[in-house]
Amino acid sequence: GCFECCIKCLGGIPYASLIATILLYAGVALFCGCGHEALSGTVNILQTYFEMTRAAGDVIDVFTMIDIFKYVIYGVAAAFFVYGILLMVEGFFTTGAIRDLYGDFKITTCGRCVSAWFIMLTYIFMLAWLGVTAFTSLPVYMYFNLWTICRNATVVDGANLCLDLRQYGIVTIGEEKKVCTSSESFIKMCDSNELNMTFHLFIVALAGAGAAVIAMVHYLMVLSANWAYVKDACRMQKYEDIKSKEEQELHDIHSTRSKERLNAYT
């Protein structure tokens, strides 16, 4: 009995939804954790090597934007933790509906509407994660340029290479915040582990965002397949109900005719 119960429980697990949920949690964890630490490292690099300070008052500068991005990361982590649980619950119910079609479980119109609603939400979140992935690639590109300048400065002797933050829109045109290979701060920045660590953290965050996109695509396939199965199962259930009703009517007609024949004979 225990073995059969375990087999039945294992058979009711939505493995496709489970794999997508693990991939989603892994991607969101990498994006949020590494992205948060990379933003903190960016603040230290800007303050230490580019000599930037926070603007006084309510002026929105790059440091304020970084703080906003950090709060967005907190919200993303909490929201997709809950959303992953909801999708797993939907997967369990859908799997039960398919496997217990001829049992006590009844497929309702509300269940199909919930599945369709999850499909729409997952599609929107997939588009959102595509945008997040594209946005995360920007700091990776910026740090790659900075890492390339540090690398070329050590290879080419006497090269005077500069990185100006104005070309990335981090500061206004009127401000001149740049470092060149001839400055001492640039040499310290290239020799520090902070630059290398922040660059690789952004790369891992980009990989996490890509994993979240793949998880959303996987969820879309699973939800679409489950919705189609539930819809087909609902039609099959209606067909079985109509067939059972017709058989009952034929049985009643046959019983009535048998009684009439018996009464006529007597």
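**Entry 1: I85 and its surroundings**

I began with I85 and located this residue in helix α3, which covers residues 62-99. The model is a predicted one, and I read every value below as computed from it.

I then asked how far I85 is open to the outside. I85 counts as partly exposed, because its relative accessibility is 40%, and the cut-off for buried is under 20%. I next looked up what I85 takes part in. I found a nonpolar surface patch of about 540 Å², made by F81, V82, I85, L86, V89 and F93.

**Entry 2: Annotated spans**

I consulted the UniProt record, an unreviewed entry, for this part of the chain. The record annotates residues 71-93, 114-138 and 201-229 as "transmembrane region".

I compared two of these spans with the model. Residues 71-93 are 100% helix and 0% strand, and I noted 34 Å between the C-alpha atoms at the two ends. Residues 201-229 are likewise 100% helix and 0% strand. For residues 201-229, the end C-alpha atoms lie 42 Å apart.

**Entry 3: The chain as a whole**

I turned to the overall layout. How many helices and strands does the protein chain have? I recorded six helices and two strands. Read from the N terminus, their order is α-α-α-α-β-β-α-α. I also noted that the protein chain has 266 residues, of which 33% count as buried.

**Entry 4: The disulfide**

I searched for disulfides and found that the structure holds one. Its partners are C150 and C190, with their sulfur atoms 2.0 Å apart. I looked up the torsion about the S-S bond, which is -70°, and the link of C150 and C190 is left-handed.

Which parts of the chain does this pair tie together? C150 belongs to helix α4 (residues 109-155) and C190 to helix α5, so the link joins parts that are 40 residues apart in sequence.

I checked the accessibility of both partners. C150 counts as buried, because its relative accessibility is 9%. C190 counts as partly exposed, because its value is 25%.

**Entry 5: C32 and C34**

I examined C32 next and asked why its sulfur is not bonded to that of C34. The closest cysteine sulfur to that of C32 is in C34, 9.8 Å away, and this is too far for a bond. A disulfide needs the two sulfur atoms within 2.5 Å. I confirmed the matter from the other side: C34 is in no disulfide, and its nearest cysteine sulfur is that of C32.

I also noted the accessibility of this pair. C32 counts as buried at 7% relative accessibility, and C34 counts as buried at 14%.

**Entry 6: S192**

I located S192 in the loop between α5 (184-191) and α6 (193-265). Is S192 buried or exposed? I entered S192 as buried, because its relative accessible area is 18% and the limit is under 20%. I then looked for a contact of its side chain. The side chain of S192 reaches the backbone oxygen of M189 at 2.7 Å.

**Entry 7: P14**

I closed with P14, which sits in the loop between α1 (2-11) and α2 (15-48). P14 is buried, with a relative accessible area of 7%. I looked up its separation from T94 as well. P14 and T94 are 80 residues apart in sequence, while their C-alpha atoms are 8.4 Å apart in space.

Technical notes:
Residues numbered from 1 in each chain as written. Predicted model: local features only at pLDDT ≥ 70, side-chain atom pairs only at ≥ 80, totals over all residues. Heavy atoms only, no water. Patch = residues over 30% accessible without salt bridge, like charges linked within 9 Å, V, L, I, M, F, W, Y side chains within 5 Å. Areas by Shrake-Rupley, 256 points an atom, 1.4 Å probe, with all protein chains shown as cover. Salt bridge = Lys/Arg side-chain N within 4 Å of Asp/Glu carboxyl O. Helix = DSSP H or I, 4+ residues; strand = E, 2+ residues; numbered from the N terminus. Buried < 20%, exposed > 50% of the residue type's maximum accessible area, 1.4 Å probe, protein only. UniProt positions renumbered as here; feature names shortened; annotations may be inferred. Polar contact = N/O pair within 3.5 Å; in protein donor to acceptor, adjacent residues only side chain to side chain.
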